[in-house]
Amino acid sequence: MERAELISLLVDDRPVHEACRSALEEGSPFHIDDDLVPADNLARTYRRRQAHTRERGIPTRGLVAAVETLHALGEQPLRLGRVNQSDPPYHFQLFLAVDGTSVLACIGVDQQHQARRLLAENL
């Protein structure tokens with residue numbers, strides 16, 4: 001998938017989509033996986049991650065809505081993608097339709113906590 005095509009899929013006004021679209025427009029690296037994963041498997045995984053980020057106070061965008069969407073999609077297979085913004089450090093997880101024609105859900109996770117943890121470990 002080309003960058004412009006992915007940008008065009010992030011068309012709605014949800015803040016997480018706007019932030020991801022902006023990261024792509026600024027040149028952040030991205031990757032779309034070829035593997036397919038059932039949405040309900042992802043719902044379970046991201047529900048646990050939701051609890052993890054909440055417990056640790058890690059800022060996220062769109063996580064609650066994405067978990068709900070993934071759960072509602074049941075066994076429907078999805079394609080995963082990611083965008084990694086470096087400044088400020090943010091990771092966007094994308095959940096796309098199999099044919100790549102739509103972004104069904106998007107999660108943004110602040111990575112500054114990761115940078116602080118690594119810095120503390122190296123001191």
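Let me begin with a single residue, Q50, which counts as buried because its relative accessibility is 14%, and the cut-off for calling a residue buried is under 20%. Please keep in mind throughout that what we have in front of us is a predicted model. Q50 belongs to helix α3, which covers residues 39–56, and if we set aside the neighbours within four places in sequence, Q50 is in contact with L63, V64 and V67.

From that one position, let us step back to the whole chain. How many helices and strands does the protein have? There are five helices and five strands, and if you read from the N terminus on, the elements follow the order α-α-β-α-β-α-β-β-β-α. The C-alpha atoms fill a box of roughly 45 × 30 × 25 Å, when that box is taken along the principal axes. For 123 residues, a compact globule would have a radius of gyration near 14 Å, and the protein has 14 Å, so the two agree. Of the 123 residues, 37% are buried, while the protein exposes about 7,100 Å², with carbon and sulfur atoms supplying 50% of that area.

Now to the strands. As a general point, the strands of a sheet pair through backbone hydrogen bonds, and they may do so in a parallel or an antiparallel way. Here we find an open sheet of five strands, in the order β1-β3-β4-β5-β2, with antiparallel pairing. Which strands lie at the edges? The edge strands are β1 and β2, the latter being residues 60–61, and each of them pairs on one side only.

Let us follow part of that order, starting from β1, which is made of residues 30–38 and is joined to β3 by six bridges, the two strands running antiparallel. One residue of this pairing is F30, whose bridge partner in β3 is V83. V83, in turn, stands opposite F92 in β4, and β3 and β4 are themselves antiparallel, with eight bridges between them.

The turn from β3 to β4 deserves a careful look, since these two strands form a hairpin with two residues between them. S86 stands opposite P89 in β4, and P88 is found in the loop between β3, residues 77–86, and β4, residues 89–96. Is the peptide bond from D87 to P88 cis or trans? That bond is cis, with omega near -5 degrees, and it is worth recalling here that most peptide bonds are trans.

My last residue is L6, which is found in helix α1, residues 3–9. L6 counts as buried because its relative accessibility is 0%. Not counting residues up to four places away in sequence, L6 touches M1, L24, F30, I32, V83, L94, L96 and V103, and you will recognise F30 and V83 in that list as the bridge partners from before. How far apart are L6 and S102 in sequence and in space? They are 96 residues apart in sequence and 8.7 Å apart in space, C-alpha to C-alpha. For the protein as a whole, if we take the contacts between residues at least 6 apart in sequence, 61% of them join residues at least 24 apart.

Finally, a word on charge: the protein has 14 positive and 18 negative charges, and the mean positions of these two groups are 8 Å apart.

How values were computed:
Residues numbered from 1 in each chain as written. Predicted model: local features only at pLDDT ≥ 70, side-chain atom pairs only at ≥ 80, totals over all residues. Heavy atoms only, no water. Helix = DSSP H or I, 4+ residues; strand = E, 2+ residues; numbered from the N terminus. Rg over C-alpha atoms; globule rule 2.2 N^0.38 Å. Buried < 20%, exposed > 50% of the residue type's maximum accessible area, 1.4 Å probe, protein only. Contact = heavy atoms within 4.5 Å. Areas by Shrake-Rupley, 256 points an atom, 1.4 Å probe, with all protein chains shown as cover. Lys, Arg positive; Asp, Glu negative; His and termini not counted. Charge placed at Lys NZ, Arg CZ, Asp CG, Glu CD. Pairing = 2+ DSSP bridges.
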